[in-house]
Amino acid sequence: MHELSLMDAVRQQALEQAALHGARRITAITLRVGSLAGVEIEALRLAHTVVMADTIAAGSRLVIEAVPAACFCAACGQPFPARDGCCDCPRCGRISRELLRGRELQLASMELD
């Protein structure tokens, strides 16, 4: 379950930022997770509970912002949704080699006390 190591990296970032801002507690953590990131959301939620225990983020809410995958078609000059990871342009049928978004796993924001 690589979600534990991913959440451990989030924990490190969150605690560093909380310390920089003099926070006593982290009440919520918001992550942006791309549809092609290869992350199991429920496993990430479980990892959040485990990894944040015994820190100032224990009991914090985990908010997930889903980021749908999108590609760019060089031939059409337009972005398009990459449903199911499929990168062929719905307008011209050409396969895109440029993924615009969908692999994200980012610490987007936190609520501090």
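1. Start with S60. Setting aside neighbours within four places in sequence, S60 is in contact with I26, T27, A28, I29 and H48. The model is a predicted one, so read each point below as a statement about that model. S60 sits in the loop between α2 (41-52) and β2 (61-67). Is S60 buried or exposed? S60 counts as buried, because its relative accessibility is 8% and the cut-off for buried is under 20%. The side chain of S60 also has a polar atom 2.8 Å from the backbone oxygen of A57.

2. Stay in that loop for D54. D54 is also found between α2 and β2. D54 is not a glycine, yet its phi is positive, at about 65°. D54 is exposed, with a relative accessible area of 82%. So this loop holds a buried residue, S60, and an exposed one, D54.

3. Now the largest nonpolar core. It has 16 residues. Which of them touch the most other members? They are M7, V10, I26, I29, L31, L44 and M52. Three elements each supply at least two residues of this core: α1 (3-20), β1 (26-34) and α2. As a general point, nonpolar side chains in soluble globular proteins tend to be buried together. Two names link back to the first point: I26 and I29 belong to this core, and both are in contact with S60.

4. Look at L31 in more detail. Beyond its neighbours within four places in sequence, L31 is in contact with M7, V10 and L44. Those three residues are also listed among the core members that touch the most others. The contacts of L31 further include L62, V63, I64 and E65. L105, Q106, L107 and A108 are contacts of L31 too.

5. There is a second core, separate from the one above. It has 7 residues. Among them are C71, C73, F80 and C87.

6. Next, a sheet. Three strands form an open sheet, in the order β4-β3-β5, with antiparallel pairing. Which strands lie at the edges? They are β4 (78-81) and β5 (98-101), and each pairs on one side only. On average, neighbouring strands of this sheet are turned by 40° against each other, direction ignored. Strand β3 covers residues 70-73 and pairs with β5 over 3 bridges. To find one of these pairings, look at A70: its bridge partner in β5 is R101. In general, strands of a sheet pair through backbone hydrogen bonds, either parallel or antiparallel.

7. How many salt bridges does the structure hold? It holds 4. The general idea is simple: side chains of opposite charge can pair when their charged atoms come close. Take R11 and D8, whose side chains meet at 2.5 Å, N to O. Both residues lie in helix α1, 3 residues apart, about one turn of the helix. D8 counts as partly exposed, at 26% relative accessibility.

8. R45 and E42 form another salt bridge, with their closest N and O atoms 3.8 Å apart. These two residues lie in helix α2, 3 residues apart, again about one turn of the helix. Their accessibility puts them in two classes. R45 is partly exposed, at 32% relative accessibility. E42 is exposed, at 52%.

9. The salt bridge between E65 and R32 joins two strands. Their side chains meet at 3.2 Å, N to O. Why does this pair tie together parts that are 33 residues apart in sequence? Because E65 lies in strand β2 and R32 in strand β1. Both count as partly exposed: E65 at 35% relative accessibility, R32 with a relative accessible area of 33%. E65 is also one of the contacts of L31.

10. Finish with E111, in strand β6 (residues 105-112). E111 is partly exposed, with a relative accessible area of 42%. Apart from neighbours within four places in sequence, E111 is in contact with R25, I26, T27, A28 and R61. The side chains of E111 and R61 are joined by a polar contact of 3.1 Å. For a sense of distance, compare E111 with T55. They are 56 residues apart in sequence and 15 Å apart in space, C-alpha to C-alpha. Note that I26, T27 and A28 are contacts of E111, and they are contacts of S60 as well.

Technical notes:
Residues are numbered from 1 along each chain as its sequence is written. This is a predicted model: local features need pLDDT of at least 70, side-chain atom pairs count only at pLDDT 80 or more; totals for chains, interfaces and linings use all residues. Side-chain values use heavy atoms; hydrogens and water are left out. Two strands pair if DSSP finds at least two bridges between them. Helices (H or I, at least four residues) and strands (E, at least two) are DSSP runs, numbered from the N terminus. Axes are lines fitted to C-alpha atoms, for helices over the stretch in contact, and angles run from 0 to 180 degrees between N-to-C directions. Buried means under 20% relative accessible area, exposed over 50%, partly exposed in between (1.4 Å probe, protein chains only). A polar contact is a pair of N or O atoms within 3.5 Å; within protein, one must be able to donate a hydrogen and the other to accept it, and residues adjacent in sequence count only if both atoms are side-chain atoms. Contact means heavy atoms within 4.5 Å. A nonpolar core is a set of buried Ala, Val, Leu, Ile, Met, Phe, Trp, Tyr and Cys residues joined through side-chain atoms within 4.5 Å.
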